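Visitor: I should like to learn how the terms applied to a structure are justified. Would you please take me through them?

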Amino acid sequence: MTVLAACQLHELSMEAVAEAAGVGKPVLYTAFSTRTELVSALLWREHQRGLEQVLAGMPDDLTEPGPTGAYAATVSAFLRVVLENPARWRLILTVPESAPREYRDDLRRARSAILAQAEQFAKAGIALEPQLADLDPVLLGHTMLSFAEMLGRLAVNDPQTYPRERLESYALGAMALVRR
């Protein structure tokens, strides 16, 4: 991950990883026999860690903050974890073409699981706030997830233009529109 902070996945080399780890290439090759094996292990590990972070940031109870407040807090927590480890989240939110097919498939499955939770979140929010009653919970779940992912991509790809504070402020403003 240290090496990936300065390069794209397709540029990752065994030499650079060995150098960053302070070991010789032969030592690295005893752990990973190929670059593909190294990349697969790295992607799987980071995907698991990212998924755990997202699921941990999703609310269990919407009654106190209300649905829009809970969603704004969820987006804020998501942006915090994204910016704590932008290299990880760049791999997750901007899936490189060079990523193995299995990794892309795993990401699709994980996104489906998160989407299912977002849909449940939307249904619960619609039940709690009468002004949301006309919204389709499935489409609202898709919208909430896509919105958070878009903010995360902006944060990791252009943090100077889109600092966390700007993105959080926008998310709060967008949620205020929903409350009207």
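Guide: A residue is called buried under 20% relative accessible area, exposed over 50% and partly exposed in between, with a 1.4 Å probe and protein chains only. Helices (H or I, at least four residues) are DSSP runs, numbered from the N terminus. By the first of these terms, A87, R88, W89, L91, I92 and L93 are the buried residues of helix 5. This is a predicted model, in which local features need pLDDT of at least 70 and side-chain atom pairs count only at pLDDT 80 or more, while totals for chains, interfaces and linings use all residues. Residues are numbered from 1 along each chain as its sequence is written, and side-chain values use heavy atoms, with hydrogens and water left out.

Visitor: Why is R88 called buried?

Guide: R88 has a relative accessible area of 8%, and therefore counts as buried. This residue of helix 5 touches M1, E46, R49, G50 and Q53, not counting residues up to four places away in sequence; touching, or contact, means heavy atoms within 4.5 Å.

Visitor: What covers the buried residues of helix 5?

Guide: The cover includes helix 3 (35-57), helix 4 (66-84), helix 6 and helix 7.

Visitor: What makes helix 6 oblique to helix 7?

Guide: Helix 6 (residues 101-128) and helix 7 (residues 137-157) pack at an angle of about 120°, with their axes 8 Å apart. That angle makes the pair oblique, because angles under 35 degrees count as roughly parallel, over 145 as roughly antiparallel, 65 to 115 as roughly perpendicular and the rest as oblique.

Key:
Axes are lines fitted to C-alpha atoms, for helices over the stretch in contact, and angles run from 0 to 180 degrees between N-to-C directions. Helices (H or I, at least four residues) and strands (E, at least two) are DSSP runs, numbered from the N terminus.
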